[in-house]
Structures are given as structure tokens and as C-alpha cells.
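Hi,

Here is the structure I said I would pass on. Have a look through it first, and my notes follow below.

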Amino acid sequence: MGIMTSSTTFQPVLERIAEEIERTPGRGRAADYIPALAARDPRSFGMAVAEPDGTVYGVGEWRRPFSAQSITKVFTLALVLAREGDALWEHVGREPSGNPFNSLVQLEYENGIPRNPFINAGALVVTDRLHTRTGDASGELLAFLRAESGNEDLTFDKEVAASESAHGDRNAALGHFMASYGNIDNPVPVLLDQYFRQCSIAASCADLALATAFLARHGIRADGTRLLSLSQAKQINAIMLTCGTYDAAGDFAYRVGLPGKSGVGGGIIAVVPGRCTLCVWSPGLDERGNSVAGVAALDRFTTLTGLSVF
């Protein structure tokens, strides 16, 4: 299959990918540091593609909700960037970290300014700024995801949020450390509650592919209103490409060639600007926290379709 024309449907491509993934032996293992995620079957698989007009294709368990986790960081970043513009970058950087997503070491060197919005420290800063501006960061995020996906049933998974809260000492340390540098506005316990609720949102591949489509539409929401400027949409896609898959972003760019963002629930979203958005889910992770089957599926998608930013 060569490069896709505008009249081609994505469905045959997805079906071919699902068949290939089914034959793949090793799938990694589910995240075990969040007990509520540890029981997921690493061989589960779903994938969806959404076109800018809202047409969505899917295969496997593409309508089964899963824990979105760090994928939500893209949406909170968009909501804050829409409100604050470039002032946001005084509080968080835009560079790849090269360290694990929950590292404390780098923060000390850089005086409490996280390296990028997608490591945990950076996401805490972004959530903090959204909470300051809205009074309910997680509620604002949930309303946005419901509107963009068209699914009013999206909600927080209380079991996952409680599980993260009970094992959230490292995130608490990050929050207090940045607060000591004056880079957090809200009381750290309030911020952590908002952050764990944000990460606990359960959504399907279809939901997340549709919710991400504003980035393929260069900042235009599902209702036709503009959330981000052309430049801001480009900025988020660029940060997804360089920082979206933890400290494996270089390898992901090399293999997949798309802006992407992964979560330890096993999901990955990806953007083909102007053409489509994708979400793939399979809970088995590699040692860097990215879905093994998910990365493989996106790699095959860009190879089979010729769709890439390169």
C-alpha cells in the first residue's frame, strides 16, 4: 500500500495493522506501580483514526474506555496556552528531559523550572496554572474532553485516582520542591488532588482520537471556534514530537515520525496535521512507559499510509 489519497478510507489499514499486531509475541507488561492498572491484559489492543470532519474509524477494542493518564497533559497544556500565551513558558521549559518522567534531579539544577510540560513536574505546573485560572482544573479538562469527543459520559475513575493518590509521594515531592521556588500557586495537596483526578479520566481510543482533532485542525475546536492560534497548535505538536513519549521521544520520532503523547495506561495519541489524529491502546508497556504494541502500530500506520510530518 502506497501513499494514501484523499479518497482512501483508513479502515483497511487499521484492519491490516490489527492482524499484524495479533501475531506479535512480546507485548510488554502493564504498569504495576498504580495497582488499579496492574491487572490490565497486555494483549488487549484497540486503535482509532479521526478525520478533521469528525469521521472516525476503529479496530479491536477501540470503544473500550481505559485510563488516559499522561495523555491528558496535552489537553491541559492547550487549555493553559489558550489562556496565558507565551507567559506560560516562564514557568515551564520546552526541552526534552532525557531523564525519567518523575525525576527530581533535574529540577534542582534548574531552580524549580521543569524541563517540559509532559514530564510530571511540568504537568503539575500546567495543572496548577489552569486551576488558578479556572478554580477547577480537572473539571475544565473533563468538560473540554466531553465536548471535543462528543461523549458526555466521560468521567473520572475514582479507583484509579485513589490508587495514584495512595502512591503519589514522588509527585508530592515534586510539587513541594517547585513550591519552594515559588513556581506553584495553589496548596500542594489541592494541586495533587486535581492532578490525580486529571490523570484518572477514562476514555476510549475513539474518544481521544476525536478529542485530539483540534491539533489536526490547527487549533480549531469541534464546534468551529478557535482554541489556539496556528502558531500555538504548531508549538504543541512540536513539544509532543520532542517530549511526548518520556525519554524515548527520539526513538518514537525515528520510528513513527508524528507528534505523539503516551500514557502509562497504555494509550498513545498522535497527530497528522491537516489530515487525521490517532489513538492506540494496549496496556503492555516497555521499560520507558510506552505501549509496546501501540508504538509498533503507529510505526506500521505511517509506513503503510505514507503519512508523517517528515
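Before the notes, one term: I call two residues in contact when they have heavy atoms within 4.5 Å of each other. Also keep in mind that this is a predicted model.

I started from the annotated positions. The unreviewed UniProt entry carries a "binding site" annotation on Ser70, Asn120, Glu164, Asn171, Tyr195, Tyr246 and Val264. Of that set, Val264 belongs to the lining of the second largest pocket.

Asn171 is a good place to zoom in. It sits in helix H8, residues 169-180, and what does it touch once residues up to four places away in sequence are set aside? The list is Asn120, Leu124, Leu192, Tyr195 and Phe196. Two of those names, Asn120 and Tyr195, are also in the UniProt annotation. With Asn120 there is a polar contact too, side chain to side chain, at 3.0 Å. Are these two asparagines buried or exposed? The cut-off for buried is under 20% relative accessible area. Asn171 comes out at 11%, so it counts as buried, and Asn120, at 7%, is buried as well. Asn120 itself is in helix H5, residues 120-134.

Leu192, Tyr195 and Phe196 bring us to helix H9, which runs over residues 188-199. Its buried residues are Val188, Leu191, Leu192, Gln194, Tyr195, Phe196, Gln198 and Cys199. The helix has twelve residues and reaches 16 Å from its first C-alpha to its last, close to the 16 Å expected at 1.5 Å a residue.

Helix H1 (residues 11-22) passes a similar check: its twelve residues should span 16 Å at 1.5 Å a residue, and the end C-alpha atoms are 17 Å apart, which agrees. Buried in H1 are Val13, Leu14, Ile17, Ala18, Glu20 and Ile21. Why do I say they line one face? Looking down the axis of H1, the buried residues fall within an arc of 165°, so they line one face of the helix. What they pack against is strand S1 (46-50), strand S2 (56-60) and helix H13 (292-305).

Last one: Leu154, in the loop between helix H6 (137-149) and strand S4 (155-156). Despite the loop setting, Leu154 counts as buried, at 4% relative accessibility. Ignoring neighbours within four places in sequence, Leu154 has contacts with Leu142, Leu145, Arg146, Ser149, Ala202, Ala203 and Asp207.

Cheers

Terms used
Residues numbered from 1 in each chain as written. Predicted model: local features only at pLDDT ≥ 70, side-chain atom pairs only at ≥ 80, totals over all residues. Heavy atoms only, no water. UniProt positions renumbered as here; feature names shortened; annotations may be inferred. 1 Å grid on protein atoms, 1.4 Å probe; cavity = no way out; pocket = protein on both sides within 12 Å on 5 of 7 lines; lining within 4 Å. Helix = DSSP H or I, 4+ residues; strand = E, 2+ residues; numbered from the N terminus. Buried < 20%, exposed > 50% of the residue type's maximum accessible area, 1.4 Å probe, protein only. Polar contact = N/O pair within 3.5 Å; in protein donor to acceptor, adjacent residues only side chain to side chain. Expected span 1.5 Å × (residues − 1). Arc of directions from axis to C-beta.
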